[in-house]
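Biologist: Could you walk me through the salt bridges in this protein, please? I'm new to this, so take it slowly and explain the terms as you go.

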Amino acid sequence: MMRNVTVATTQMACGWDIQQNIATATELVTKAAKAGANIILLQELFETPYFCQVHDFDYFKLATSVADNAAINHFKQLAKELQVVLPISFYEKSGNTFFNSVTVIDADGEILGTYRKTHIPDGIPYAEKFYFTPGDTGFKVWQTKYAKIGVGICWDQWFPECARSMALMGAEILFYPTAIGDEPTLDIDSKGHWQRCMQGHAAANLMPVVAANRIGTETITQNGNDNGNDSVVAFYGSSFITDGRGEIIQEASKDKEEILSTTFDLDQLAIERQQWGVFRDRRPSMYGTLLTHG
């Protein structure tokens, strides 16, 4: 038996013209679909620049409900037309609460559900706790037309508990839309560490990981004024796809708009998970105290 699925990841630069960003993302999705991709990942919060670099209440105006989000409504139609699965990252407003969310659209254009980012970072220039409440959905997986997928969002990718939870829920492939680049506070190049964390998730759970990051240098102004408090981040792209053993088999450049794609046999991956026995040999009763105290 073979159950093949082709996954694709993308990367692009973003400006303040939301419709242009959606148009660029549409071009990437269309090209990936025409090349045979079934599930296509776009980066985190691709409708706008990464505004979370500064604290500015004006940027709360960017949030929308699922029903009113321009990208979701557009990509529902495109997913149906191209018969592809699309996890769409967006800034969600729900009542008086704001989330960093992903809505998963199946290949028939129907929404399968929304995941709200669980882990929220707080450090310049990734000051997300100012804008987002920690997610209340719990980790989620979705049975799409082509595969059962799990989706984490950026900072979630640093937590093995997130990946393992999705694997235990039956995920066959893990997807992580991302926005990461310079680390001026830490004064390090985090690219290798960023990739190795997700490679570890793939290796530990014996399933592919697909990550999408943005490219380009973005300057975010404080309160709409160039008053010397601007923040600048150069995002390092390097979107990638691993196999089920954690090896990176496709990797994009640091600074170019790109599409990567790979085909996996999901039945063969399932056999390999059984052969290694890591889920059989788990000892949950031994982990409880450690997992709740840190």
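Modeller: Here is a walk through some of the salt bridges, followed by a short look at two buried residues and a helix pair. Before that, some housekeeping: this is a predicted model, where local features need pLDDT of at least 70 and side-chain atom pairs count only at pLDDT 80 or more, while totals for chains, interfaces and linings use all residues. Residues are numbered from 1 along each chain as its sequence is written, and side-chain values use heavy atoms, leaving out hydrogens and water.

So, what is a salt bridge? Side chains of opposite charge can pair when their charged atoms come close. The cut-off here is a side-chain nitrogen of Lys or Arg within 4 Å of a carboxyl oxygen of Asp or Glu. The structure holds 13 of them.

Let's begin with K31 and E27, whose closest N and O atoms are 3.2 Å apart. Both sit in helix α1 (residues 18-34), and because they are four residues apart there, about one helical turn separates them. (Helices are DSSP runs of H or I with at least four residues, strands are runs of E with at least two, and both are numbered from the N terminus.) K31 is partly exposed, at 47% relative accessible area, and E27 is partly exposed too, at 40%. Those words have limits: buried is under 20% relative accessible area, exposed is over 50%, and partly exposed is in between, using a 1.4 Å probe and protein chains only.

Next comes R116 with E92, where the closest N and O atoms are 2.8 Å apart. R116 lies in strand β5 and E92 in strand β3 (residues 86-94), so this pair ties together parts that are 24 residues apart in sequence. R116 is buried at 13%, and E92 is buried at 4%.

Then there is E251 with K191, at 3.1 Å from N to O. This pair links distant parts of the chain, with E251 in strand β13 (residues 248-251) and K191 in helix α4, 60 residues apart. E251 is partly exposed at 37%, whereas K191 is buried at 16%. Salt bridges can also join up: R3, E172 and D267 are linked in a network of them.

Now for the two buried residues. K117 lies in the loop between β5 (111-116) and β6 (141-143), and its relative accessible area is 1%, so K117 counts as buried. Leaving out residues up to four places away in sequence, K117 touches ten residues' worth of surroundings that include E44, N100, E128 and D156; contact means heavy atoms within 4.5 Å. T9, in strand β1 (residues 4-11), is buried at 0%. A polar atom of the T9 side chain lies 2.9 Å from the backbone oxygen of A211.

Last, the helix pair. The axes of α3 (residues 160-168) and α4 (residues 191-205) come within 10 Å and cross at roughly 35°. Axes here are lines fitted to C-alpha atoms over the stretch in contact, with angles from 0 to 180 degrees between N-to-C directions. On the α3 side, P160, A163, R164 and A167 meet H201, A204 and N205 in α4.

Notes
A polar contact is a pair of N or O atoms within 3.5 Å; within protein, one must be able to donate a hydrogen and the other to accept it, and residues adjacent in sequence count only if both atoms are side-chain atoms.
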